[in-house]
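User: Please take a close look at one part of this model and explain it to me in plain terms. I am a first-year student, so go step by step.

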Amino acid sequence: MDTLNPVLCSTPKLRPLLSLTNRLVDLVGEVYDLAIRTGQMPDSSLIRARVCSGALLTYATRSYLASAAPIERVEDLKHHACPLRSASNWHFKDAQGQALEF
């Protein structure tokens with residue numbers, strides 16, 4: 001919100017409408033003025049700018065870890081109850097920086 005705050009303060013008649021979705025919207029066809037996307041952007045004629053970056057982290061509750069098999073390597077997650085949300089695969093890097101996915 002820190003990025004949008006100056007715009008909202010300088011334009012009091014602007015009323016933003018927030019729509020959250022995992023699908024790739026057609027900005028022109030669906031009359032969107034702005035989209036904030038995560039991940040890699042495909043080649044596009046759209047004007048784009050990086051507004052921030054961050055890391056996605058993986059967490060588990062203590063009670064789950066206490067009742068589940070130990071997790072010693074990323075590959076061990078294949079045998080755990082990992083929720084799949086917007087992606088069908090999970091992507092990690094090992095200690096050497098090699099890509100791992102499942």
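Analyst: Two residues are in contact when heavy atoms of theirs lie within 4.5 Å. With that in hand, and bearing in mind that this is a predicted model, we can look at the loop between helix 2 and strand 1, starting with histidine 80, which is found there.

Apart from neighbours within four places in sequence, histidine 80 is in contact with Tyr64, Ala68, Ala69, Pro70 and Ile71. Two polar interactions of the histidine 80 side chain can be named. One is a polar contact of 2.8 Å with the side chain of tyrosine 64. In the other, the side chain of histidine 80 reaches a backbone atom, the oxygen of alanine 69, at 3.2 Å. Is histidine 80 buried or exposed? Its relative accessible area is 13%, and buried means under 20%, so histidine 80 counts as buried.

Aspartate 76 lies in the loop between helix 2 (62-67) and strand 1 (91-93). Leaving out neighbours within four places in sequence, aspartate 76 has contacts with Pro70 and Ile71. Pro70 and Ile71 are also among the contacts of histidine 80. Aspartate 76 is buried, yet it has no salt bridge. Which side chain of opposite charge is nearest to aspartate 76, and how far away is it? It is that of arginine 73, at 4.1 Å. A salt bridge requires a side-chain nitrogen of Lys or Arg within 4 Å of a carboxyl oxygen of Asp or Glu, so the 4.1 Å between aspartate 76 and arginine 73 does not qualify. The side chain of aspartate 76 does reach a backbone atom: the nitrogen of glutamate 72, at 2.7 Å.

The last residue to consider is cysteine 82, found in the loop between helix 2 and strand 1. Its relative accessibility is 23%. Because the cut-off for buried is under 20% and exposed means over 50%, cysteine 82 counts as partly exposed. Not counting residues up to four places away in sequence, cysteine 82 touches Leu77, Trp90 and Phe102. There is also a distance to an earlier part of the chain: the C-alpha atoms of cysteine 82 and tyrosine 59 are separated by 9.9 Å, and these two residues are 23 residues apart along the chain.

To put the loop together: histidine 80 is buried and has a polar contact with the side chain of tyrosine 64, aspartate 76 is buried without a salt bridge, and cysteine 82 is partly exposed.

Terms used: Residues are numbered from 1 along each chain as its sequence is written. This is a predicted model: local features need pLDDT of at least 70, side-chain atom pairs count only at pLDDT 80 or more; totals for chains, interfaces and linings use all residues. Side-chain values use heavy atoms; hydrogens and water are left out. Helices (H or I, at least four residues) and strands (E, at least two) are DSSP runs, numbered from the N terminus. Buried means under 20% relative accessible area, exposed over 50%, partly exposed in between (1.4 Å probe, protein chains only). Lys and Arg count as positive and Asp and Glu as negative; His and the chain ends are not counted. A polar contact is a pair of N or O atoms within 3.5 Å; within protein, one must be able to donate a hydrogen and the other to accept it, and residues adjacent in sequence count only if both atoms are side-chain atoms.
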